[in-house]
Amino acid sequence: MKGIIRASTAIVIISAILFYAVHLLESSSATSGSGSISVYNWGEYIDPELISQFEEETGIQVIYETFDSNESMMTKIEQGGTSYDVAMPSEYAIEKMKENDLLLPIDQSKIPNLENIDPYFLDLPFDPGNEYSIPYFWGTVGIAYNPTLLEGQTFESWDDLWNPTLEQEVILVDSAREVIGMGLNSLGYSLNSTDLGELREATDKLKTLGPNVKAIIGDEIVEMMRREEAAVAVTWSGQAADMMWINEDIDYAVPEEGSNLWFDNMIIPSTAGNVDGAHQFINFMLDAEVAAQNADYVGYSSPNAAALELMDPEVTGDERFYPTEEMRDRLEVYENLGLEMLGVYNELFLEFKMDMEK
Amino acid sequence: MAKLSKPAKIYLAIVFFILYAPIFYLIFYSFNSGGTMSGFENFTLEHYAAVFNDTRLLIIVLNTVIVALLSALISTAIGVLGAIGIIFLRNRKMRNAVLSLNTVLIVSPDVIIGASFLILFTMVGVKLGFASVLVSHIAFSIPIVVIMVLPKLQEMSSSLIDAATDLGASQRDILTRVIIPYIKPGIFAGFFLALTYSLDDFAVTFFVTGNGFATLSVEIYSMARAGITLTINALSALIFVVTLGLVLGYYFFNQRSAANAGTGGPRP
């Protein structure tokens, strides 16, 4: 019995010491000041130095937390019990959150740095007038490929994927709207199409791609391309940038028929406890120098025009990741098609996947 | 014990190699200056330096350890008393029913436990964070402790208690000087199992964390979305070494108490 009591006391003392250590670490990382804010972001989607810089400049302590999908983020916010002040969802999630009253309006008078943002990225269909959201990063859907494995073949058109020499070489991202959208685009239709005839045609065309498809997967795409286990992948520009970071042979192209343009945005959830601090944080992130440093770290495309001027022209002049406005005119933002239409997309995607197994 | 035959030894070596290879692969690349898990370039300790420079990561590690230690301690206390209660239930049917309920908690998927805790906490209005994680970890550890302690209690002869009563021991003496010393190995086994369950739990914690509180498994999962950095490798290597130390410590502790038991005499 003595031994057990001794062991228990030891554990309690160790826990107390650890508690004290956590407390010391927390107070050393934050300067004393007016309150704190909670930021809820994708993993590895901000330069941690900027958080310390924000804490030093404003005296507001940042509690930083990460999520891995729009869905899990929305669930956390919807359930309550949390008080996130800033979050960074994708555009379709914003429409959904707006419908469910999970957002607070943003007071633009408190965000003077908004003028740094390229007007092209403001007032988009998913949030007219930027009432609830401010763009954070953006990108496209396109084709990442490794020319050394393909004898120099390049990709200008979605139709290049159908080339018979690519048998068992193409990876697709496991997402209904991206894949069906690619089918629609390759036929010259809008990727927001709700015309059942067009959708059917696109699915039938996708089915003929079957022999070329190696796999339909998620985040593993990056590793597979890096290790040269596959030569071609339909994916998001950010993932392509991740691949190229490691494997310099890889190239990325947005097909000429058009593709998807996506945005991750900063929003203030309805559960926010420190709305003022949230505005300060958003304004801070839009500062030209801050945004430039962040874009440099994260590697996605920044919508911040003032930041782009400060960045390496080799990066910002790269038309694969910063397509010119003329090229962007061919790109479309996903519109909220409603639950019923999304069901149709999912069903057609499933039909395509089932067809592959034959 | 008969010596192992050669094929048996080779088989054993292969099995252990397969079990440990991924861990050593991971540790090996934590020293890679190349920055990825493919192609070893040069030896470097920069990833270890990065671990100690990232205060957020350190806080998360410490929080994970605190939750594990406290939840294991509290659940062991509750679980041991629960097991003693169960074993002394007179009604056989009742005892079996309670035992089955305990087993159901062990086999039910973590996701369900996590989701139901989330609903409970938000309904009651508990703020998600350290407390909610600690409470849920205690809850899923208790059945494990009960299972670890029960066999020891079952093998204990009831005449021991009768003898103690005959010799004038009070209820309290019986508990602290007869039962608990007897089941001590079970208690420690239960504690260590609860500790490891809490350390590597992902599903339940994922549901009940919030407001800036995170444990290591949840954090690594979020980081993995953008590809695992070698900082995680370095951290895993450190944790592996610490765990190894713990296991060795436990082993020597056991050796010593086994030696004590061998020399006879009452144990304190």
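## A tour of chains A and B

Start by selecting chain A, which has 14 helices and ten strands. Keep in mind that you're looking at a predicted model. Now colour chain A by burial: of its 358 residues, 40% are buried. Want to see how the chain folds back on itself? Take the contacts in chain A with a separation of 6 or more, and you'll find that 77% of them link residues 24 or more positions apart.

Next stop: the place where the two chains touch. Bring up chain B as well, and look for the 37 residues of chain A that are in contact with 35 residues of chain B. Which elements of chain A should you select here, counting those that give two or more residues to this side? Pick the helices α1 (2-29), α3 (70-79), α7 (220-226) and α8 (237-246), then add the strands β1 (36-42) and β2 (61-67). Linger on α1(A), since it supplies the largest share, 14 residues. Colour this side of chain A by residue type and you get a mix: 15 nonpolar, twelve polar and ten charged.

Last, hop over to chain B and select two helices, α3 (residues 55-87) and α6 (residues 130-155). Their axes come within 6 Å and cross at roughly 45°. That angle is neither under 35 degrees nor in the 65 to 115 range, so α3(B) is oblique to α6(B). Turn the view to look through one helix at the other: the crossing of α3(B) and α6(B) is right-handed. Now show the residues where these two helices meet: 18 are nonpolar, eight are polar and none is charged.

Terms used. Residues are numbered from 1 along each chain as its sequence is written. Chains are lettered from A and ligands numbered from 1 in the order in which they are written. This is a predicted model: local features need pLDDT of at least 70, side-chain atom pairs count only at pLDDT 80 or more; totals for chains, interfaces and linings use all residues. Helices (H or I, at least four residues) and strands (E, at least two) are DSSP runs, numbered from the N terminus. A residue is buried if 20 or more other C-beta atoms lie within 10 Å of its own, exposed if 12 or fewer, and partly exposed in between; C-beta atoms are placed from the backbone. Two residues are in contact if their C-beta atoms, placed from the backbone, lie within 7 Å. Ala, Val, Leu, Ile, Met, Phe, Trp, Tyr, Cys and Pro count as nonpolar, Asp, Glu, Lys and Arg as charged, and the others, Gly among them, as polar. Axes are lines fitted to C-alpha atoms, for helices over the stretch in contact, and angles run from 0 to 180 degrees between N-to-C directions. Angles under 35 degrees count as roughly parallel, over 145 as roughly antiparallel, 65 to 115 as roughly perpendicular and the rest as oblique. A crossing is left-handed if the near helix is turned anticlockwise from the far one by less than a right angle, and right-handed if clockwise.
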